[in-house]
Amino acid sequence: MQAPNGISDLVLFSMPVDPAAFRGGLTTKIPVPLDAPPTLNDKGVAVNYSVRALVDRQLRSDLAVERAIAVM
């Protein structure tokens with residue numbers, strides 16, 4: 001993503017997780033700033049959000065999953 005002001009691939013939230021937590025499933029809440037604009041795609045203006053999970057697996061390839069989300 002390339003914003004007109006030069007900001008690209010902005011990370012708003014990051015957290016380390018104990019690998020043992022993945023075995024039983026993991027739920028987390030991601031804070032959205034109160035002043036965050038809603039998801040928008042109109043007349044050449046787009047605001048998109050995505051959640052990306054990256055698991056660094058030692059001595060194996062990393063696992064990454066990314067999903068688009070809507071902010072209203």
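# Report on a predicted four-strand chain

Leu-59 is exposed, its relative accessible area being 88%. The model in which this residue appears is a predicted one. Leu-59 is placed in the loop between E3 and E4, and its phi is near 65°, a positive value in a residue other than glycine.

## Overall organisation

The chain contains zero helices and four strands. Read from the N terminus, its elements follow the order β-β-β-β. Strand E1 covers residues 40-42, strand E2 covers 45-47, strand E3 runs over residues 49-55 and strand E4 over residues 63-69.

The chain has 72 residues, of which 4% count as buried. About 6700 Å² of the chain is exposed, and carbon and sulfur atoms supply 57% of that area. When contacts in the chain between residues at least 6 apart in sequence are considered, 15% of them join residues at least 24 apart.

## Positive phi in the loops

Leu-59 has a counterpart in another loop, as Lys-43 also is not a glycine and has a positive phi, of about 50°. Lys-43 is found in the loop between E1 and strand E2. With a relative accessible area of 78%, Lys-43 is exposed. For Leu-59, the corresponding description is a place in the loop between E3 and E4 and a relative accessible area of 88%.

## The salt bridge

How many salt bridges does the structure hold? The structure holds one. In this salt bridge the side chains of Glu-66 and Arg-52 meet, with a distance of 3.9 Å from N to O. Glu-66 belongs to strand E4 and Arg-52 to strand E3, so the pair ties together parts that are 14 residues apart in sequence.

Are the two partners buried or exposed? Glu-66 counts as partly exposed, at 45% relative accessibility, whereas Arg-52 is exposed, with a relative accessible area of 54%. Arg-52 is classed as exposed because its value is over 50%; Glu-66, at 45%, is in the partly exposed class because its value lies between 20% and 50%.

## The segment before E1

Several residues of the segment before E1 can be described together. Leu-12, Phe-13, Ser-14 and Met-15 are found there. Their accessibility is set out below.

| Residue | Relative accessible area | Class |
|---|---|---|
| Leu-12 | 52% | exposed |
| Phe-13 | 33% | partly exposed |
| Ser-14 | 65% | exposed |
| Met-15 | 34% | partly exposed |

This segment also includes residues whose C-alpha atoms can be related to other parts of the chain. Ser-14 and Ala-53 are 39 residues apart in sequence, and their C-alpha atoms are 9.4 Å apart in space. Met-15 is separated from Ala-53 by 38 residues along the chain and by 10.0 Å between C-alpha atoms. Leu-12 is paired with Pro-31: these two are 19 residues apart along the chain, and 8.6 Å separates their C-alpha atoms.

## The nonpolar surface patch

Which residues form a nonpolar patch on the surface? The patch is formed by Leu-12, Phe-13, Met-15, Phe-22, Leu-26, Ile-30, Val-51 and Ile-69. Together these residues have about 650 Å² of accessible area.

Leu-12, Phe-13 and Met-15 are among the members of this patch. Why can Phe-13 belong to the patch although it is only partly exposed? Phe-13 qualifies on accessibility because its relative accessible area of 33% is over the 30% required of patch residues. Met-15 likewise meets this requirement, because its relative accessibility of 34% is over 30%. Leu-12, which is exposed at 52%, also meets it.

Key
Residues numbered from 1 in each chain as written. Predicted model: local features only at pLDDT ≥ 70, side-chain atom pairs only at ≥ 80, totals over all residues. Heavy atoms only, no water. Patch = residues over 30% accessible without salt bridge, like charges linked within 9 Å, V, L, I, M, F, W, Y side chains within 5 Å. Areas by Shrake-Rupley, 256 points an atom, 1.4 Å probe, with all protein chains shown as cover. Salt bridge = Lys/Arg side-chain N within 4 Å of Asp/Glu carboxyl O. Helix = DSSP H or I, 4+ residues; strand = E, 2+ residues; numbered from the N terminus. Buried < 20%, exposed > 50% of the residue type's maximum accessible area, 1.4 Å probe, protein only. Contact = heavy atoms within 4.5 Å.
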